[in-house]
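Trainee: I am new to this structure and would like a close look at its aromatic rings. Could you take me through them slowly?

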Amino acid sequence: MSDVNTGVQNNNSATNSNTKLTLEGTGVVAGLAYAPVAWVRRPEPPSLTGLELPAAEVDDAIEAFRTAADGVVEGLEARAEKAEGDAAEVLKMTAGLARDKAWRKAVVRHIKNGVRPVNAVAKATEEFVALFMKVGGLMAERVTDLRDIRDRVAARLEGRPEPGLPSPTEPVILLADDLAPVDTAGLDPKIFVALATELGGPTSHTAIIARQLGIPCVVAVGKMGALAEGDLVLVDGSEGTIRRGVDADDAREAVASDLERREKINAWTGPAVTRDGHHVQLLANVQDAAAAQRASESNAEGVGLFRTELCFLGTKEEPSVESQAMSYRGVFEAFNGKKVVVRTLDSGSDKPVPFATLADEPNPSLGVRGIRTQRINNGLLGNQLDAIKMSLDGLDSEAWVMCPMISTLPEAREVAKAIRNRGLKAGIMVEVPSTALLIDQFLDEIDFVSIGTNDLTQYVMAADRLSANLAEFTTPWQPAVLNLMARVAEAGERKGKPVGVCGEAAADPLLACVLVGMGMTSLSMAAGAISAVGAALSEVTLEQCKAAARAVINAFDDEQAQKTARAILGTIS
């Protein structure tokens, strides 16, 4: 593995560590950490050019490439089996890239044209990188993942270990231009006590995994290259800052105080109620039966988002109703007798489900995804609903079914009818601004709604979730996004229908309190984030939450919104 640092402090950085420096980014996971810097850097990318491959070696070269790519897929899937929650999800999605037929076909094409395997992998990857960046949105967010696949396949072809994290023996703060999902999914929070990246945004894989691990995280940090290996720094995930040259005693005292906050979180056992007794359902996001079983051992009161498409990433043909039912049943069994909200297939964009994804779309984020896949496979929704109904046989789970990417009233009416015909509770996701703007009419058609804050924020702000330059636009603290969410919650109260949140916003303890103040009836998140949100709610009253909700929608910008909420709610978990 080339150019990957060890995390051991070197003598050359001693002077730098004493020089005061403050770097600002976007804080995505609250908390403090004080430790030496450890950089992780990608290996040098393989060259796009090289010696010409003799025609006699083409077949062997193709076989070598396929063996290397298959090995990467197997390794990622093996790690996914051992991982939990969102970590397992991102590993599966990255394995899907290494399995992608179009990418593999491009590599083989280059090899047949006389390009050696490693160079062919590099050329094909850069072609797809250019395509992803042109499309933007969620596809652009996969560029880091794609280049990570390139580096792993190239390493196998050259007989080298796959790239990965440094291996320090003492706690460090991990810095990187960006982190591949494979790396973030394998982090030991006792060693890597905080994360900071130059790229990424609030919904990047780095941020998602950091929330699950409960370690401070700051993304989109400018000029981070000024920090050297071994520099002692204080990371504040609430403020979104990295400080060098702080007084060591002050830093350690602040971290100790933050540790008390974390211990309080770990001691929280639920259910979630505010200080004055207002109950809020805290639910878990899961992707399969194994994740549901782990979530059932947490303080989750049920499942608020069952991502069914993640059961079928890479599946070439639509599974039978019976096969789907077997995949779903384990989730209902894990929460038998409790609420389980199932999202129908949200394929397309960054979730390549071959039997439910339109190939070669010019702009997948705005294309045939979610409920729109009905346009290319008319029986998809009905088959899935039949499978959900079948999977409930003999169980007492409370099944709620919601469809993603609903944008028109006829769509809502049609899916509600199909869901209710199976005796299930009918809902939709609020991700498209048109749905939020006409929410009263939509609520007349369905039984409940759940806000997907990641997509809603992206579409409202017209901002690429990957772009570090636009990170302040992709936070749900943006007043425009907060206003739309408040609008949806108010409509739910008027209509007497439940309104939940299942995007990343629900995992932010401060924002969770604001959402409760808006009138949200449930919040769904990674199981590992539930205790932090529950502990925060236990420290505030419902009236405080309502006051914060009223205030933030009139904020000038996202920063003022957060400061206003914190001033009203006080120091919460």
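Mentor: What follows deals with ring pairs and then with charges over a ring. This is a predicted model, in which local features need pLDDT of at least 70 and side-chain atom pairs count only at pLDDT 80 or more, while totals for chains, interfaces and linings use all residues. Residues are numbered from 1 along each chain as its sequence is written, and side-chain values use heavy atoms, with hydrogens and water left out.

Searching the whole structure gives three aromatic pairs, where rings of Phe, Tyr and Trp (its six-membered ring) pair if their centres lie within 6.5 Å, and planes under 30 degrees apart count as stacked, over 60 as edge-to-face and the rest as tilted. One of these is the edge-to-face pair of Phe65 and Trp103, with 5.7 Å from centre to centre and 65° between the planes. This pair links distant parts of the chain, since Phe65 belongs to helix H2 (residues 58-82) and Trp103, 38 residues apart from it, to helix H4 (residues 101-112); helices here are DSSP runs of H or I with at least four residues, numbered from the N terminus. Both Phe65 and Trp103 are buried, that is, under 20% relative accessible area with a 1.4 Å probe, protein chains only.

Turning to charges, the charged end of Lys339 sits over the ring of Trp400, 4.0 Å from the ring centre, and the charged end of Lys425 also sits over the ring of Trp400, at 4.6 Å from its centre. A charge sits over a ring if NZ of Lys or CZ of Arg is within 6 Å of the ring centre and within 35 degrees of the ring normal.

Methods
Helices (H or I, at least four residues) and strands (E, at least two) are DSSP runs, numbered from the N terminus. Buried means under 20% relative accessible area, exposed over 50%, partly exposed in between (1.4 Å probe, protein chains only).
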